[in-house]
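Please study the sequence and the three-dimensional structure shown below. Then attempt each exercise before reading its solution.

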Amino acid sequence: MNKALIGILLLALVAIVSAIALTYRGNSGKVTLTESGSTLLYPLFNEWAANYTAAKITTQATGSGTGISEAISGTVVIGASDAFMTNPQVESNPDMLNIPIAISSQYVAYNLPGMNNTHLVLSGPVIAAIYNGSIHYWNDPAIEALNPGVQLPHQMIVPVFRSDGSGDTNMFTLFLSRSDPWWNHTVGYGTNVNWPKNPALHGAVGNSGIISFMAETPYSIGYVAMTYTVQVKQAGLGYAALINRAGNAVLPSTATVMNAAQQYLNQIPADGRIAIAFAPGADSYPIATFEYVIVKKVQPSSAVAVAVKKFLTWAVSPNGGSSEYYMGKLDLIPLPQSVVSKVVLPLIDQISGPP
Amino acid sequence: MKADELAISIASIVPVAFILIIFGFLVFKAYPSMVYNGIKFFTSYVWNPGDISAEPIVVRGFKVSPGASFGILLFLTGTLITSAVALLLSLPASIFASIALALYLNERIRAVVSSALGLFAGIPSVIYGLWGVVFLEPTLYSRVEPEMRALLGFIPFFSGPIYSGSGILASSLVLALMVFPISTSIIYQSAVSLRDAAVNDALALGATKWEAGKLLRSMMRKQILGGGLLSLGRALGETMAVLMTCGGAINSMPTNFYSPINTMAAALTALLDSAFIDPTGMVLSSLAELGVTLLLISVASSMIGRAVLGRVALRGELE
Amino acid sequence: MKERSMTLRLAEDRLARAVGIGVISVLFSALLLIVYYVTSGALSHFSWDMLTTFGNTTSGGILNAIIGTWLLIGISTATSFPLGLVTAIYLSEYRGRLSGLIRLSIDVLASVPSMVLGLFGYLVYVIYLGMGFSLLAGGLTLSLMMVPYVARSSEIAFLNVPKELREAAYALGATKWQYVSRVLLRAAWPLVASGVVLSSSIAAGETAQLLYTAGWNTGLPSALTRSQVPYLTYVVWSGINQPSAYANGLAYVSAEVLIVTVFSLMVLSKVLERRGIAWKRS
C-alpha cells in the first residue's frame with residue numbers, strides 16, 4: 001500500500017483512540033444520568049447538574065415530546081416533560097413512570113412597541129380567535145372590550161407557535177381547550193396540534209426561539225415558559241393578565257399559579273397524571289401544569305436505578321433540588337410536601353434495577 | 001475473472017446497493033402513508049397530527065390518531081417558490097459575474113475570486129442561517145420589505161401585510177447566496193474555455209468586450225441551463241439556513257411575498273421530532289413519504305442537469 | 001443593418017464592465033460580510049475558557065463539541081474513503097460492464113439531499129440497527145454523503161496520472177492490481193488526499209443529519225454506539241436563538257471555529273491538489 005493512505009487511516013485511528021481515552025479518564029466512576037426534554041425545565045436541570053455531585057448529569061433541550069420518546073426508547077434515563085404521557089402512550093409503554101417534580105406555568109407574551117410594560121387583559125376565546133386568524137388587528141373590538149381605555153394600535157397580530165414537540169404547546173392548548181369550546185372541538189390539545197389556518201402564524205423552535213422571534217417582530221404574540229422570566233424581561237416583551245374560570249383577570253405569579261394547583265391537590269391520581277389548566281378559584285392563574293420526569297420503571301442497570309432514585313428524591317426535597325435557591329431563581333413552584341409524600345415518593349420507589 | 005477484479009467489482013457495487021437500499025427503505029417506510037393519505041398528500045396543505053391524546057383508530061388497515069391527515073402542498077409550494085426566487089436572483093448574477101471575470105478582469109484577480117468562491121461554497125449552512133437570523137432578517141423587516149412594498153405594491157403578491165423578517169424573502173435570499181458560488185463556478189469554467197476557443201477571435205476582429213460577452217452568453221446556453229439545474233438541486237435540499245429563516249409556516253399557504261413559508265427539507269427537519277412520540281407510526285411514515293418526494297425531485301433535477309452538462313456538480317468542487 | 005458608432009459601443013462596453021464588476025463586488029461583499037459578522041461576534045464574546053472546557057450550549061465551553069466534530073470527521077472519513085477509492089479504481093482501471101451503472105449511482109447519491117440521508121440514517125442506523133444516537137450512526141450517515149466526493153476526486157486523480165506510467169508498468173509485466181497498488185496510488189495520492197480532505201470539510205459543516213443521528217452530549221461519547229456525540233454545528237444552531245448573551249457568544253465562537261476548520265481543510269485540500277498537479281507536470 002502507500003504512505004498517504006496509511007497516514008490518513010492512522011490519523012483517524014489516533015483521533016478515535018485518544019478521544020475514547022479522554023472519555024474514560026473523564027468518567028471517574030460516577031454514574032451518568034442523561035436527561036433531555038422540556039426547554040422549560042432545561043434551566044432547572046442545568047442548575048441541578050452544576051450542583052449535584054452524587055452523579056454526573058448531562059442535559060439537553062429537545063422539547064417535551066422528544067424527552068418522552070427518548071426516555072421510552074432508553075436513549076436517556078430522564079425525560080423532562082411539561083406534559084404527562086397520553087393514554088395511548090401509556091398503553092403502548094406501561095413500564096414508564098410520570099413523576100411530578102414541580103409546578104410551573106407560562107406567560108402569554110407579546111411585543112407591543114411602547115406598551116410592553118403594561119399588562120393587557122386577554123381571555124382564552126380571544127387568544128383562540130387571534131391564533132385562528134379571526135381577530136386580525138390589535139385594536140379589534142374584542143381585545144378593546146377587555147382593555148377599556150387602552151390605546152391599541154391598528155396593526156396586524158403576528159402569532160407564533162412551537163414547531164417542536166412541546167410541553168408548552170400542551171399547556172397552552174389545554175388552557176385554550178378548556179376555556180374555548182371552538183378550540184376544544186376543532187384544534188384540541190397536545191404537544192403537537194393541528195394549528196388553525198392563519199397566514200400570519202409563524203413557528204419557532206424552543207422557548208428561546210419564541211423569545212428571539214418576538215423580540216425582533218413587533219406586534220407578535222406567543223407563549224413562553226415561566227422559567228424564562230429573566231429573558232422575557234431582557235428582551236423587553238410584555239405579558240398578559242388572563243381571564244380565569246371565575247371571570248377575573250389574573251397576572252401570572254408563583255402565588256396565582258400555586259392557587260391554581262391547590263384546587264387539584266386532593267385529586268392527583270396515584271400515577272401522577274393530572275391536568276390543572278383553567279383551574280377554578282378567584283385568584284387562580286388559568287395556565288398551570290405539573291412538571292414531569294419520565295423514567296422507566298425497570299432500569300437496565302442497578303447502578304443507574306440507585307443513582308436516579310437518589311437524584312429524584314433529592315430533586316423534590318425542600319433541602320435539595322426544590323429549595324428556594326433553585327425554585328425561586330427560575331420562578332418555579334415546589335411541590336407541596338403532601339403531594340411529595342403521597343404521590344411522588346411512592347412513584348420514585350417503583351424504580352428498580354434489572355430483575 | 002481474477003480475484004482482485006472480483007473483489008473490486010463487488011466493493012464498487014456498494015454505491016449501487018446503497019441507492020437501492022436508501023430508496024427502497026424510505027418507500028417501505030412510506031407505504032402506510034401512501035395508502036392512508038392517498039392523493040391528498042400532494043393536494044392538501046394541512047398537516048394534521050390528529051388528536052394524539054385519544055385512542056388510535058384503524059383506518060384503511062393502519063393505526064392512526066383520530067382526525068390525522070397529512071398534506072405537503074405547503075412544503076412543495078414553499079420549496080418551489082424559494083428555489084425559483086433564489087435561482088432568479090443568483091443565475092443572472094452568476095452569468096454577469098462569470099463573463100465579467102472571464103473578459104474584464106486580469107489574471108490575478110481572477111485567481112483570488114475563484115479561490116474565494118471555493119471557500120464560500122464551503123461555509124456551513126448553519127452559518128448562513130446564523131447570519132440570516134441576526135443580520136438579514138432585521139434589515140429586511142425594517143428597511144427592505146417596506147421599500148419593496150412601496151415600489152412593487154401595485155402587484156398583489158407584493159402588497160399586503162409585512163409580518164416579520166422571516167419568510168419567503170429571507171430564505172430565498174440566503175439560498176441565492178448559497179447557490180451563487182456553484183452556478184458561478186460552472187458557468188465561469190465554460191466561459192473561460194469558450195473564451196479561449198472562440199471569443200478571442202471575435203475580440204481580435206474588433207468586437208468590444210461587451211459584444212464578445214453577448215457572444216459568449218449565446219454560446220453558453222447549455223452550460224447556463226446546466227448550472228441552473230445543478231444549483232436547483234442544491235437549493236432543493238438545503239436545510240439549516242432555510243429552517244432558520246423561513247418562519248416555520250404551517251397549515252396555511254403564503255398570501256404574499258412577505259409571508260412565512262416552509263420547505264420540504266426544513267419541514268422534514270422540524271417535524272421529525274413530533275414523530276418520536278406518535279404511538280401509531282403514521283407521522284414517521286408521512287415524513288418518510290415527504291423524504292421520498294424530496295429525494296425524487298432532487299435526483300430528477302440533478303439528472304436532467306447531468307444530461308445537459310455531462311456531469312453532476314458537487315459542493316466545493318470548484319475551478 | 002445600421003452600423004453602430006464606435007463611441008456607443010465603447011460606452012456600452014464600459015458600462016458593462018462597471019456592472020459586471022459591480023455585481024461581483026456586491027456579492028462578494030455579502031459573502032465577506034458573513035465572515036466578518038461571525039468573526040466580530042466571536043471576538044467580542046471570546047474567552048479562552050470557551051475553548052478549553054466542556055459545555056452544554058448555554059454555559060461552559062465548546063471543547064467537547066470540537067472533539068466531537070473531529071471524531072465524526074474521523075469515523076466518516078475512515079468509512080467513506082475506502083469505498084470511494086475502490087469505486088474510483090474500478091471505474092478508471094477495471095472498467096467492467098457495470099461502470100455506467102456505478103457512475104450513475106455515484107451521481108444519484110451525490111444528488112440526495114442531506115436531510116433525506118439524515119432521515120435514512122435515523123430510520124436505519126439509529127432505530128432499525130439499534131445504534132441509537134451515536135458516533136457510528138452519525139459517522140456512517142455522513143459517510144454516505146462523502147462517498148461521491150471521494151470517488152469523483154479519486155477518479156480525477158487517476159486521470160491525472162500519465163499513461164506512460166501504466167504502459168511502462170504493464171510492459172514490465174505487472175498485473176493490474178500490482179499497477180494499481182504500487183504505481184497508481186503512489187502517483188495519485190496527493191489528489192486523492194485532496195478529495196478526501198475536501199469531503200471531510202463538508203462533513204464538518206453538516207447539521208440537519210446529525211441532529212437525528214448524533215444527538216448531543218455535554219461530555220464525550222463513551223462508545224461507538226448508544227452514546228451521543230457533541231458537535232460544533234449544534235452549538236451554533238441552538239445557541240444563536242438563546243436569549244442569553246453567553247449562549248450567543250458560544251454560538252459565535254463555534255461558528256468561528258467552524259469557519260477556521262473548514263477553511264483550513266479546504267486550503268490543505270488545495271495544497272495537496274497543487275502538489276498532485278505539479279508532480280504530473282514535472
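The exercises below concern a predicted model.

**Exercise 1. Describe the overall make-up of chain B.**

Solution. Begin with the secondary structure: chain B has 11 helices and four strands. Next, consider its extent; along the principal axes, the C-alpha atoms occupy a box of roughly 80 × 70 × 30 Å. Then turn to burial: 63% of the 319 residues of chain B count as buried. Finally, examine the surface, where chain B exposes about 11,200 Å², and carbon and sulfur atoms supply 69% of that area.

**Exercise 2. Determine which residues are linked with Arg162(A) in a network of salt bridges.**

Solution. Side chains of opposite charge can pair when their charged atoms come close. The step to apply is the cut-off: a salt bridge requires a side-chain nitrogen of Lys or Arg within 4 Å of a carboxyl oxygen of Asp or Glu. Arg162(A) and Asp164(A) satisfy this with an N to O distance of 3.0 Å. Asp168(A) also forms a salt bridge with Arg162(A), with the closest N and O atoms 3.2 Å apart. The network therefore consists of Arg162(A), Asp164(A) and Asp168(A). As to burial, the relative accessibility is 2% for Arg162(A), 6% for Asp164(A) and 1% for Asp168(A). Since buried means under 20%, Arg162(A) is buried, as are Asp164(A) and Asp168(A).

**Exercise 3. Establish where Glu273(C) and Lys270(C) lie, and whether they are buried or partly exposed.**

Solution. Both residues belong to helix α11 (residues 245–281) of chain C, three residues apart, which is about one turn of the helix. An α-helix has 3.6 residues a turn, so residues three or four places apart point the same way. Glu273(C) and Lys270(C) form a salt bridge, with the closest N and O atoms 3.3 Å apart. Glu273(C) is partly exposed, at 26% relative accessible area, and Lys270(C) is partly exposed at 22%.

**Exercise 4. Characterise the surroundings of Asp278(B).**

Solution. First, locate the residue: Asp278(B) is in the loop between α10 (264–276) and α11 (282–309) of chain B. Second, look for a charged partner. Asp278(B) is buried but has no salt bridge; Lys63(B), the nearest side chain of opposite charge, is 8.6 Å away. Third, look for other polar partners: the side chains of Asp278(B) and Thr280(B) share a polar contact of 2.8 Å. Last, leaving aside neighbours within four places in sequence, Asp278(B) is in contact with Ser65(B), Val283(B) and Leu284(B).

How values were computed: Residues are numbered from 1 along each chain as its sequence is written. Chains are lettered from A and ligands numbered from 1 in the order in which they are written. Side-chain values use heavy atoms; hydrogens and water are left out. Helices (H or I, at least four residues) and strands (E, at least two) are DSSP runs, numbered from the N terminus. Buried means under 20% relative accessible area, exposed over 50%, partly exposed in between (1.4 Å probe, protein chains only). Lys and Arg count as positive and Asp and Glu as negative; His and the chain ends are not counted. A polar contact is a pair of N or O atoms within 3.5 Å; within protein, one must be able to donate a hydrogen and the other to accept it, and residues adjacent in sequence count only if both atoms are side-chain atoms. Contact means heavy atoms within 4.5 Å. Accessible areas come from the Shrake-Rupley method with a 1.4 Å probe; for residues, only the protein chains shown count as cover.
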